[in-house]
Protein chains: 4
Amino acid sequence: MTTLPSAEAEILVPFHDCDPIGIVWHGNYARYFEIARCALLDRIDYSYRQMLESGYAWPIIDMHLRYVRPARFDQRIIASATLEEWEHRLKIAYVIRDAASGERLVVGHTMQVAVTMPDFEMQYASPRILAEKLGIKTS
Amino acid sequence: MTTLPSAEAEILVPFHDCDPIGIVWHGNYARYFEIARCALLDRIDYSYRQMLESGYAWPIIDMHLRYVRPARFDQRIIASATLEEWEHRLKIAYVIRDAASGERLVVGHTMQVAVTMPDFEMQYASPRILAEKLGIKTS
Amino acid sequence: MTTLPSAEAEILVPFHDCDPIGIVWHGNYARYFEIARCALLDRIDYSYRQMLESGYAWPIIDMHLRYVRPARFDQRIIASATLEEWEHRLKIAYVIRDAASGERLVVGHTMQVAVTMPDFEMQYASPRILAEKLGIKTS
Amino acid sequence: MTTLPSAEAEILVPFHDCDPIGIVWHGNYARYFEIARCALLDRIDYSYRQMLESGYAWPIIDMHLRYVRPARFDQRIIASATLEEWEHRLKIAYVIRDAASGERLVVGHTMQVAVTMPDFEMQYASPRILAEKLGIKTS
């Protein structure tokens with residue numbers, strides 16, 4: 001059995017991501033998700049750039065975020081991304097934690113589907129290259 | 001029976017919200033949700049400012065976005081927000097449409113809970129002021 | 001003599017543009033400049049889209065902002081853009097004012113040069129199409 | 001003679017900072033300036049947090065950016081910040097370089113003045129604490 005890959009990135013929360021309440025504005029966690037997602041895609045050797053070179057974009061079609069505890073300016077956090085599904089769509093789960101205590105701050109997921117470029121035609125199964133990149137044998 | 005309130009805002013998609021694929025970067029729809037949410041909260045006379053004046057912040061604890069069709073630079077879109085729940089938390093549903101065709105682009109929701117300020121203590125029922133603002137009689 | 005064109009846009013400052021000090025984060029005024037600039041370019045019938053269709057991108061090569069007075073959440077502001085130079089580069093001046101009082105909040109300028117697309121070769125004089133759009137006779 | 005302090009930060013350009021032309025949107029360099037500025041202020045032990053604790057905010061009153069060469073998605077860049085003036089205002093100069101080649105991408109500066117908090121009263125000379133932090137003897 002193959003373990004699905006994961007990756008993480010450390011982020012120092014910048015001032016410009018924080019709102020007048022003094023916490024990271026909720027929409028900015030989508031940035032941290034993307035930083036972790038790009039680290040994960042680099043790990044499987046299928047970065048955004050490689051996606052485009054393979055003839056596909058993989059737009060986000062669904063995103064969910066659950067906010068457990070607010071992050072603040074200058075807090076060191078770890079954003080991790082784990083691949084959860086890949087056959088028909090790319091589902092990635094995220095956890096953002098405080099770097100020092102390990103406390104969970106935000107959890108969530110994104111779903112992406114392959115679309116051909118430049119005509120944006122949606123693919124109902126993931127193109128073969130994804131399985132290849134994951135080292136999964138398909139018949 | 002009371003109809004729950006809704007509001008909408010028209011937005012001209014700015015260049016700086018679009019990504020190298022040429023579409024609005026998925027995280028930026030959280031901005032459009034907030035613009036519609038603020039229009040809705042203004043309508044019920046309980047804006048962010050009034051929330052703080054009433055002793056509470058209402059942080060987002062959950063957000064979901066489903067992307068149906070990408071918006072692009074210079075597209076005129078309508079973001080609408082509708083109150084869906086208010087008793088224990090503030091749940092708001094969103095639809096973003098193309099202004100010309102009415103086609104749905106993104107749908108989603110947010111959930112907020114009251115926390116006292118400045119100590120961030122979570123309230124398990126919405127403070128009375130919200131029902132008052134909604135014109136709902138509570139015993 | 002030709003008066004150089006100008007345009008303006010009204011903006012309601014969104015919450016997500018404000019920082020923990022409670023004011024618009026200084027970098028976000030570049031967004032408001034761009035909204036005014038796009039209104040101006042629409043007026044001269046040479047929008048970002050038309051620029052690309054004409055074979056050129058016009059990247060910003062210089063930007064200056066002077067902050068006179070901070071804008072805050074929910075403040076209605078007017079961003080105006082005025083064309084100042086066009087022969088060798090596109091220089092645009094900006095003023096952001098409070099909509100109610102007319103008080104100046106931020107002033108600044110940007111400079112852009114034409115580069116051919118997709119090879120990004122810099123043009124040392126503005127391509128003829130810009131003068132045409134401005135209705136200026138060139139020999 | 002005292003050498004004025006400097007600091008730098010390495011940044012991996014995220015996708016969401018890039019625009020439909022495929023380059024970092026010009027306004028986003030203000031983010032990179034701030035990341036370098038915060039590294040510099042940490043080095044002199046006078047971070048944003050410490051500024052506020054000392055009774056002052058230091059809003060940006062002037063920012064200039066000159067764009068030499070565009071940065072792109074996934075490019076590793078170094079943003080450096082150097083203190084240039086401190087007596088009446090805090091003037092910081094920035095250089096953003098490609099991490100691999102050292103090529104300059106963007107240069108610029110910001111100016112900040114002390115304002116008392118929470119009443120935003122502007123100080124025409126830098127408060128004594130700044131000189132102390134810089135280890136400069138004032139009579």
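Strand 4 (residues 76-85) and strand 5 (residues 90-98) of chain D pair in the antiparallel sense over eight bridges; strands here are DSSP runs (E, at least two residues), as helices are runs of H or I of at least four residues, both numbered from the N terminus, and two strands pair if DSSP finds at least two bridges between them. The model is a predicted one, in which local features need pLDDT of at least 70 and side-chain atom pairs count only at pLDDT 80 or more, while totals for chains, interfaces and linings use all residues. Residues are numbered from 1 along each chain as its sequence is written, and chains are lettered from A and ligands numbered from 1 in the order in which they are written.

Within this pair, Leu83(D) has Ile92(D) of strand 5 as its bridge partner. A hairpin of four intervening residues joins strand 4 of chain D to strand 5 of chain D. Strand 5 of chain D also pairs with strand 6 (residues 104-112) of chain D, again antiparallel and over eight bridges. In this second pair the bridge partner of Lys91(D) is Met111(D) of strand 6. Strands 5 and 6 of chain D form a hairpin with five residues between them, and Gly102(D) in that turn has a positive phi of about 80 degrees.

In chains A and B, 10 strands form an open sheet with antiparallel pairing, in the order 1(A)-4(A)-5(A)-6(A)-3(A)-3(B)-6(B)-5(B)-4(B)-1(B). Its edges are strand 1 (6-12) of chain A and strand 1 (6-12) of chain B, each of which pairs on one side only. The twist from one strand to the next averages 15 degrees; axes are lines fitted to C-alpha atoms, for helices over the stretch in contact, and angles between N-to-C directions run from 0 to 180 degrees. At the chain B edge, strand 1 is joined by seven bridges to the antiparallel strand 4 (residues 76-85) of chain B. There, Glu8(B) is bridged to Ser80(B) of strand 4. Where the two chains meet in the sheet, strand 3 of chain A and strand 3 of chain B pair in the antiparallel sense over five bridges, and the bridge partner of Met63(A) is Leu65(B). In a regular strand the side chains alternate between the two faces of the sheet.

Helix 1 (residues 29-43) of chain A lies across strands 1, 3, 4, 5 and 6 of chain A, running at about 140 degrees to strand 1 of chain A. In chain B, helix 1 (residues 29-43) lies across strands 1, 3, 4, 5 and 6 of chain B, at about 140 degrees to strand 1 of chain B.

The contact between chains B and A takes 16 residues from chain B and 16 residues from chain A, two residues being in contact if their C-beta atoms, placed from the backbone, lie within 7 Å. On the side of chain B that touches chain A, helix 1 and strand 3 each supply at least two residues, and strand 3 gives the most, with eight residues. The residues of this side divide into 10 nonpolar, three polar and three charged; Ala, Val, Leu, Ile, Met, Phe, Trp, Tyr, Cys and Pro count as nonpolar, Asp, Glu, Lys and Arg as charged, and the others, Gly among them, as polar.

Chain B can be laid on chain A with an RMSD of 0.0 Å by a turn of 180 degrees and a shift of 0.0 Å along the axis, with copies superposed by least squares on the C-alpha atoms of residues with pLDDT of at least 70 in both. This is the relation of a two-fold axis. In chain B, the C-alpha nearest the axis belongs to His64(B), at 2.2 Å from it. The same surface serves both copies, as 100% of the contact residues of chain B recur in chain A. A further contact takes nine residues from chain D and nine residues from chain B. The chain D side of that contact comprises five nonpolar residues, three polar and one charged.

Most residues other than glycine have a negative phi, and most peptide bonds are trans. A cis peptide bond joins Met117(C) and Pro118(C), with omega about 0 degrees, and Pro118(C) lies in the loop between strand 7 (115-116) and helix 3 (128-134) of chain C. The peptide bond from Met117(D) to Pro118(D) is also cis, with omega near 5 degrees. Phe120(C), found in the loop between strand 7 and helix 3 of chain C, has a positive phi of about 60 degrees although it is not a glycine. Asp74(D), which lies in the loop between strand 3 (60-67) and strand 4 of chain D, has a positive phi of about 75 degrees.
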